[in-house]
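Here is a short tour for anyone new to this structure. Have a look at the model first, then read on.

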Amino acid sequence: MELTRRDVLAALAATGVAVGTGAVLRSEPGDDGPIGDHEVATLVAVAGVVYPSAVEGVESFVSEYSVTRVRDRPTYAAGVADAVEALDEYTRDWYDEDFADLDAETRDRALSGMDVDHADPDPEGSERERIRYYLVNELLYALFTTPTGGELAGIENPQGTRAGPRPTSGGRTDGGERR
Amino acid sequence: MIGRDSEGEAPDRTPSDHADVCVVGAGVAGGLVAHSLATAGHDVVILDAGPRFERSKVMARLEKALRPEHDRTDVWEMGGERDQYTKSLPDGITANLNLQRVKGIGGTTLHWSGGALRLHEKDFNMQSRYGLAADWPIDYADLRPYYASAERELGVAGGDDNPFISREQDAPMPAHPNSPSDRLFQEACEELGIRTHSFPLAINSEVRDGRSQCVGFSTCTPVCPSGAKYSGDVHVRQAESAGARVIDRAPAQSIEHDDDGTSVVAVEYATPSGEVHRQTAQQFVIACGGIETPRLLLLSESDEYPNGLANRSGTVGKYLFSDSSVSVTARIDETANKTPIGYTTMCSDEFYDHDDPTPGTIQLRFDNVDPQSPVETALTGGHSSREQIYKEPIYGGSWGDALLDETQHATDNRTIRITAGLETIPHADSTVTLDRSKTDNHGNPVPHIEFDIGPHVVETGERAIEIMKEIMDTIGAEITSISDPESQRLANHHNGTTRMGSDPSESVVNASLQTHDLSNLWISSSSVFPTSGATAPTLTIAALSLKAADHIDNKLSS
Ligand SMILES: Cc1cc2nc3c(=O)[nH]c(=O)nc-3n(C[C@H](O)[C@H](O)[C@H](O)COP(=O)(O)OP(=O)(O)OC[C@H]3O[C@@H](n4cnc5c(N)ncnc54)[C@H](O)[C@@H]3O)c2cc1C
Ligand code: SF4
């Protein structure tokens, strides 16, 4: 199942990033913030482990989502960067490489080895708890608030996604003003 | 957040000089009273204990609501020293007050589900009809025009298809269409001779009053990102446009009366910077919800009122009750296809009006919201609910394909449920009192709640379960769980703690919502309900608020 631009917009909308349908989505991080190419590559690599194998288009989905999501949210961006650093430190110790440079199987083993799979997601917790929050759960939240994620899970419209107006008998179906 | 003093200049929180009316509490009740009176040309000041919630943060609240890492109370910033309380509850009864109320501009309706239901005629006459509880000093007919106004003010979508309610005019918007899963129930009910009808909601079914129609985020409780769901801040804003002044983060500490104790002179309130001010006015309205309203009166004890202000009857804080519920859950072979919305669209009042006292009123609601959120399952690593995390604090360890399997299993689209709202008879020993051993952030004793349900609920619940089982059997569904009528929680509706009546020795306010003891003190809240049928209170709160506003306007104008 292919993740599309519609999915990126839905996932961003569920995090409060104001994106119109005509929004330009960037997948290249700027030079200044804590999120650079390496951080984005690491998020894509983590998604490769935690996303179901049936999902396609992960790289562009994750890049566009993450880069836009952390723009204007410096504290959050710092949290992500910090979690990437913690993950790299672990894999450098055990496998002499950054997480993003490992092969798929080793990435899975590394995350489990670090016990991230049984860690409580906590933005202020220990390293593995922060990795769970900022990397693993962040990516799962993005996926499962999209129409494609909902379809994968087997429901028409996951919570948090704007499904569009419901027709009423005699009611108007145009979208209204946000108050 | 507007009004957060850390961000920019602190707003002016000093009192107004010549206020006609001081309203304490900026939920739907306070908002409606303030709006009506400001529109009538009176000078109105509204005090609220909580902050203004900035609209632009609404999606961040949505994320907090959806992500299981966050406690639900974080969504509207409840909890902490300000909101502490203590409780004594018998086995089987639970209560979590801070999930059930929101403090701030808009109040608890920021979090509510939007069901906007009228009481039935019989609910006003429980004592004379059945010898149960107490009669209201007004009848359905007295409130009927106010119900119609309240439906217009809140914006209610509802059909005129409920044969058990007498209405003089249609709701202002068409009902929300039934969900596909409603069809299953509808067919079975028809076969059993049970009439079903639309469920009225204060959620826009079309664009109205500058607010969006429902666009299906399905997170109505606890946060509607589109603004389609009504919340009390709508009327607070309109009151401000009509000239009212709002002071946020200004919890009332006590109410001060004159020398002979016949009228109120001022409300004393605190501000975030630690100052304490006095707001004087001609008329005072307390609209702090069913827990904080009696608490504020109890905190305002004086030589004249040693048991709390307006409490010569001794009933302030007594008769705490909420409606109760039971539910039956089942599995079906076909897909249920519940719609992507967060609310009920069909119900049945077939068992609302009853002949014998017990079993009492039952309101059947047909669930069409998938109880399982894929986000929640995915983010808990395959645990199927937030509750499971609480029981089993280690997060599930699945991701990738294994996680998808579990998520698909949890959201299998084959679960259906019926919930029955049950009438609860209030008891004098279910109470809100002050716990003097514990204090809030201003050094005031916190509220203490005691609550029990009594046998009427249990018997009514047993009858409701029989009916719901019959419906499930007719559908051909396999029942997977039935809730226990003896296990109840204090529901989201806090009623009865300053009840209305014509006898000053047995009640706190009269039919005009004015306290018996002090001529310029009024209460607008579900705390005035003597009984409340099997249904949710807010449309009745709104109707009573409009009624109170009329009486206050008359008084100010005479
Ligand atoms: C999850 C949930 C779902 C619900 N669903 C429904 C539904 O479908 N239908 C329905 O009818 N009802 C529902 N309710 C109940 C409904 O939300 C309440 O009945 C309604 O919001 C009460 O409005 P209110 O204005 O009386 O009180 P509130 O909205 O609670 O407002 C009281 C205000 O007073 C302020 N306050 C308190 N103490 C002080 C003080 N000392 N000084 C100054 N200010 C103070 C508070 O900050 C608050 O803003 C639901 C409630 C919950 C929690
Ligand atoms: S389903 Fe409708 S009412 Fe509920 S949150 Fe979404 S837009 Fe708001």
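## A helix in chain A

In helix α4 of chain A, the buried residues (under 20% relative accessible area with a 1.4 Å probe, protein chains only) are A:Y76, A:A77, A:G79, A:V80, A:A81, A:A83, A:V84, A:A86, A:L87, A:D88, A:Y90 and A:T91. They pack against α2 (37–50), α3 (58–70), α5 (104–113) and α6 (127–144) of chain A, with contact meaning heavy atoms within 4.5 Å.

α4 of chain A covers residues 74–95, 22 in number, and spans 31 Å from first C-alpha to last, close to the 32 Å expected at 1.5 Å a residue. Helices here are DSSP runs (H or I, at least four residues), numbered from the N terminus. Right after α4(A) comes A:D96, with a positive phi near 60°.

## About the model

This is a predicted model, where local features need pLDDT of at least 70 and side-chain atom pairs pLDDT 80 or more, while totals for chains, interfaces and linings use all residues. Residues count from 1 along each chain as its sequence is written, and chains are lettered from A in the order written.

## Two domains in chain B

An automatic or database assignment gives chain B domain 1 (16–54 + 100–112 + 231–315 + 496–526 + 542–558) and domain 2 (113–223 + 326–371 + 413–423 + 454–487). Their centres, taken over C-alpha atoms, sit 31 Å apart. Across the divide, 19 residues of domain 1 of chain B are in contact with 20 residues of domain 2 of chain B.

Methods:
Heavy atoms only, no water. Helix = DSSP H or I, 4+ residues; strand = E, 2+ residues; numbered from the N terminus. Expected span 1.5 Å × (residues − 1). Buried < 20%, exposed > 50% of the residue type's maximum accessible area, 1.4 Å probe, protein only.
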